[in-house]
Amino acid sequence: MKIKYYMYAACLFLGMNLLTACSDDDAPVTEPTDPTEKPDEGNNGNTEDIDVSNMTLKEACKDKFLVGAAITYDDVKDNPTDFWANEQEVLKKHFNALTAEGAMKWNKIQNEKGVYTFDEADAMVDFAERNGMKMIGHCLIWHTALPDWVWKNKNGGDVDKQTLLNNMRDHINKVVGRYKGRILGWDVANEVFNDDGTYRNSPYYRILGEKYLIEAYKMVKEADPDCELYYNDFQLEFTPKRKAVLRLIGQLRERGIELDAVGLQAHMWMTTPSVENYDNLFQSFKAMGMKVMITEWDLSVTSKENDIYPNGLPKDIDAKWNQRMLDFFKVFLKYDEIITRVATWGVSDSHSWKNEGCTNYPLLFDRQQNAKPCVEEMMKAALADK
Ligand code: G3I
């Protein structure tokens with residue numbers, strides 16, 4: 001036990017130092033050379049001769065990581081329309097881990113105090129089990145999708161500390177307890193830190209201070225001692241924010257709670273982040289003995305402020321999009337020993353939060369639910385990667 005603690009402490013110390021050595025966000029994190037490490041280009045060898053005509057993503061990645069997708073209720077409903085029936089087939093074929101895009105959030109499950117609605121979440125957990133997939137719980141403590149009653153009193157002010165703690169405990173006990181043994185792991189907390197590493201001024205932080213976070217992890221552990229515990233956030237390529245997560249990992253460890261993995265949301269754009277940002281990010285977590293997951297991967301080419309491709313993607317942009325996805329996937333393969341899951345935030349372009357106010361093309365399957373060219377290349381790269 002003691003040895004394990006010292007190893008953690010050493011990893012944490014090394015990780016912190018690597019981060020502190022970074023004076024700006026893009027500076028590479030240097031690390032001693034490890035002779036067993038895969039070459040920088042991702043060790044993808046020659047993929048020309050690999051036949052993937054009968055291959056699936058989850059099969060190609062079976063020795064690497066889970067392949068996940070965020071789903072809506074339509075993805076699992078009985079008697080689906082042709083469109084959703086087809087999407088269910090895509091899910092069953094290529095994916096082995098599911099995350100509820102919205103169905104397990106606080107406002108979906110307990111929008112009104114004491115009134116719980118589990119229909120959609122139940123259907124998803126059933127679907128995952130019927131199809132041999134892992135179900136991921138998303139998410140318990142988040143400043144968004146949070147009903148006012150949780151933190152607001154009758155006069156419109158903040159509730160007192162004990163009331164908020166009670167609300168958190170009741171919700172966590174009920175939700176985590178319901179799916180005990182059926183959920184692989186929970187995104188216990190989501191998007192807690194600002195880019196500069198300070199705590200987001202959420203109702204939780206305002207009322208309870210930093211301690212709310214540790215309390216939340218303790219509550220989940222009590223409700224289901226065997227489920228995995230995750231922390232999920234975006235843009236951890238920014239060093240101050242990453243440091244805040246490293247600090248949290250240390251604080252939890254001091255209290256005997258081990259985070260099983262950090263979720264990197266990976267909502268990307270065509271110019272940012274860089275592949276090198278991610279390489280550095282993985283190195284930092286690897287140095288502290290921490291597993292990571294890609295939890296909400298998508299790649300946007302447009303936005304509601306600038307809806308430039310309403311009638312389809314030009315060929316050259318489409319080719320760049322596919323290449324960029326493949327480049328990132330190769331970095332995921334390079335760090336497969338610390339990556340436990342690679343999940344996209346949706347299945348096909350027809351349904352994505354990135355379509356709000358524009359026509360976007362962020363996912364691995366197009367609007368007709370056909371796999372985009374990079375999927376084949378990703379399977380080849382996974383199979384070539386030893
Ligand atoms: O279900 C109602 C529907 O009845 C109503 O008619 C409609 C009118 O706007 O709203 C529907 O609810 C929307 C819900 O998505 C389902 O589509 C909510 O308004 C909308 O706020 C909600 O957005 C979700 C958002 O989280 C907030 O929960 C997005 O779909 C979902 O993709 C997004 O996911 C988050 C991750 O959880 C955390 N990381 C960032 C990611 C993107 O914001």
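In the predicted model, helix α11 (residues 315–334) comprises 20 residues and reaches 29 Å from its first C-alpha to its last, close to the 28 Å expected at 1.5 Å a residue. The buried residues of α11 are Ile317, Trp321, Asn322, Arg324, Met325, Leu326, Phe328, Phe329, Val331, Phe332, Leu333 and Lys334. Charged side chains, Arg324 and Lys334, are thus listed among the buried positions of this helix. The packing partners of the buried α11 residues are β7, α10 (275–287), β8 (292–300), β9 and α12 (373–384).

One of the buried residues of α11, Phe329, also belongs to the lining of the largest cavity. Four cavities of 30 Å³ or more were found in a search of the whole structure, and the largest encloses about 50 Å³ of space. Besides Phe329, the lining of the largest cavity includes Leu57, Cys61, Val67, Gly68, Phe95, Trp297, Val342, Ala343, Thr344, Leu364 and Met378. Two elements, β1 (66–71) and β9 (339–344), give two or more residues to this lining. The largest share, three residues, comes from β9. Strand β9 is also among the elements against which the buried residues of α11 pack.

Trp297, a lining residue of the largest cavity, is in addition one of the contacts of glutamine 265. Glutamine 265 is located in the loop between β6 (261–264) and β7 (267–269). With a relative accessibility of 3%, glutamine 265 counts as buried. Its side chain is joined to that of asparagine 190 by a polar contact of 3.2 Å. When neighbours within four places in sequence are left aside, glutamine 265 is in contact with Asn190, Glu191, Asn232, Asp233, Phe234, Thr295, Glu296 and Trp297.

Helix α8 (residues 211–223) was examined in a similar way. Its 13 residues should span 18 Å at 1.5 Å a residue, and its end C-alpha atoms are 18 Å apart, in agreement with that value. Tyr212, Leu213, Ile214, Glu215, Ala216, Tyr217, Met219, Val220 and Ala223 are buried in α8. These buried residues pack against β3 (134–141), α6, β4, α7 (203–208), β5 (228–233) and α9 (239–254).

Aspartate 224 lies in the loop between α8 and β5. This residue is buried, with a relative accessible area of 4%. Not counting residues up to four places away in sequence, aspartate 224 touches Val176, Lys180 and Gly181. For the last of these, glycine 181, the C-alpha atom is separated from that of aspartate 224 by 7.4 Å, although the two residues are 43 residues apart along the chain.

Salt bridges were then considered across the model. A search of the whole structure gives 21 of them. In one, the side chains of aspartate 126 and arginine 182 meet at 2.9 Å, N to O. Aspartate 126 lies in helix α5 (residues 119–130) and arginine 182 in the loop between α6 (161–178) and β4 (185–190), so this pair ties together parts that are 56 residues apart in sequence. Both partners are partly exposed: aspartate 126 has a relative accessibility of 34%, and arginine 182 has a relative accessible area of 31%.

A further salt bridge links arginine 169 to glutamate 222, with the closest N and O atoms 3.6 Å apart. Because arginine 169 lies in helix α6 and glutamate 222 in helix α8, the pair ties together parts that are 53 residues apart in sequence. Helix α6 is also listed among the packing partners of the buried α8 residues. Arginine 169 is partly exposed, at a relative accessible area of 32%, whereas glutamate 222 counts as exposed at 56% relative accessibility.

Aspartate 148 and lysine 152 form another salt bridge, in which the closest N and O atoms are 3.5 Å apart. Aspartate 148 is partly exposed, with a relative accessible area of 41%, and lysine 152 is likewise partly exposed, at 33% relative accessibility. In addition to these pairs, Lys64, Asp336 and Asp385 are linked in a network of salt bridges.

Conventions: Residues numbered from 1 in each chain as written. Predicted model: local features only at pLDDT ≥ 70, side-chain atom pairs only at ≥ 80, totals over all residues. Heavy atoms only, no water. Salt bridge = Lys/Arg side-chain N within 4 Å of Asp/Glu carboxyl O. Helix = DSSP H or I, 4+ residues; strand = E, 2+ residues; numbered from the N terminus. Buried < 20%, exposed > 50% of the residue type's maximum accessible area, 1.4 Å probe, protein only. Expected span 1.5 Å × (residues − 1). Contact = heavy atoms within 4.5 Å. Polar contact = N/O pair within 3.5 Å; in protein donor to acceptor, adjacent residues only side chain to side chain. 1 Å grid on protein atoms, 1.4 Å probe; cavity = no way out; pocket = protein on both sides within 12 Å on 5 of 7 lines; lining within 4 Å. Points joined across faces, edges and corners; volume = space filled by probe spheres on them.
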